[in-house]
Amino acid sequence: MRKVVVGAAIVDGAGRLLAAQRAQPPELAGGWEFPGGKVDPGEDDRTALVRECREELGVLIEVGEAVGGDWPLSGDRVLRVWLASVVEGQPEAKEHRELRWLAPDELDEVAWLPADLPIVRAVRELLGGIER
């Protein structure tokens, strides 16, 4: 059975994407990713994503449309990503080294984790269609 990891492509009112720099584990530290995490047993994907963003960033998000389908990770894990927006709070790096808001033309300015690169390309295409 596949293990599901969820990620949030959080976009602000200016059309910028929130990127989070990993602090742990050591082999991934310094790489940039979408905030999120593992889906707990008995939890649906969207509920897990809201919970993870509350824990990692201290914000309440509204989950929007999915970005693609299942994105493969190592082993038997898959990543599912949704567009999202912050509806309460200001993102804080509670479990990450740093957070950055990136405009679509700035997405290549950080070193994304390899598994997130195809998702970044998909999000860039979606951001191109979001009215500002």
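In this predicted model, Glu33 sits in strand β3, which covers residues 32-33. Is Glu33 buried or exposed? Its relative accessible area is 10%, and since buried means under 20%, Glu33 counts as buried. The side chain of Glu33 has a partner there: a polar contact links it to the side chain of His96, at 2.9 Å. His96 also appears among the residues that Glu33 touches once residues up to four places away in sequence are set aside. The other members of that group are Ala19, Ala20, Arg22, Trp112, Leu113 and Asp116.

A second glutamate, Glu52, is found in helix α1, a run spanning residues 45-57. Glu52 has a relative accessibility of 9%, and therefore it too is classed as buried. Which residues does Glu52 touch, not counting those up to four places away in sequence? They are Gly36, Gly37, Lys38 and Leu57.

The third glutamate to look at is Glu62, which belongs to strand β5, residues 60-72. Leaving aside neighbours within four places in sequence, Glu62 is in contact with Leu83, Ala84, Ser85 and Val87. A useful distance to trace in the structure runs from Glu62 to Leu17: these two residues are 45 residues apart along the chain, and their C-alpha atoms are separated by 14 Å.

It helps next to step back to the whole chain. How many helices and strands does the protein chain have? There are two helices and seven strands, and following the sequence from start to end gives the order β-β-β-β-α-β-β-β-α. Helix α1, the home of Glu52, is thus the first α in that pattern.

The overall dimensions can be described in two ways. Along its principal axes, the C-alpha trace spans about 40 × 30 × 30 Å. The radius of gyration is 14 Å, which agrees with the value near 14 Å that a compact globule would have with 132 residues. Of these 132 residues, 45% count as buried, Glu33 and Glu52 among them. Contacts across the sequence can be summarised as well: when residues at least 6 apart in sequence are considered, 67% of their contacts join residues at least 24 apart.

Finally, the surface and the charges complete the picture. The accessible surface of the protein chain comes to about 7,000 Å², and 49% of this belongs to carbon and sulfur atoms. The chain carries 16 positive and 25 negative charges, and the mean positions of the two groups are 3 Å apart.

Conventions
Residues numbered from 1 in each chain as written. Predicted model: local features only at pLDDT ≥ 70, side-chain atom pairs only at ≥ 80, totals over all residues. Heavy atoms only, no water. Helix = DSSP H or I, 4+ residues; strand = E, 2+ residues; numbered from the N terminus. Buried < 20%, exposed > 50% of the residue type's maximum accessible area, 1.4 Å probe, protein only. Contact = heavy atoms within 4.5 Å. Rg over C-alpha atoms; globule rule 2.2 N^0.38 Å. Areas by Shrake-Rupley, 256 points an atom, 1.4 Å probe, with all protein chains shown as cover. Lys, Arg positive; Asp, Glu negative; His and termini not counted. Charge placed at Lys NZ, Arg CZ, Asp CG, Glu CD. Polar contact = N/O pair within 3.5 Å; in protein donor to acceptor, adjacent residues only side chain to side chain.
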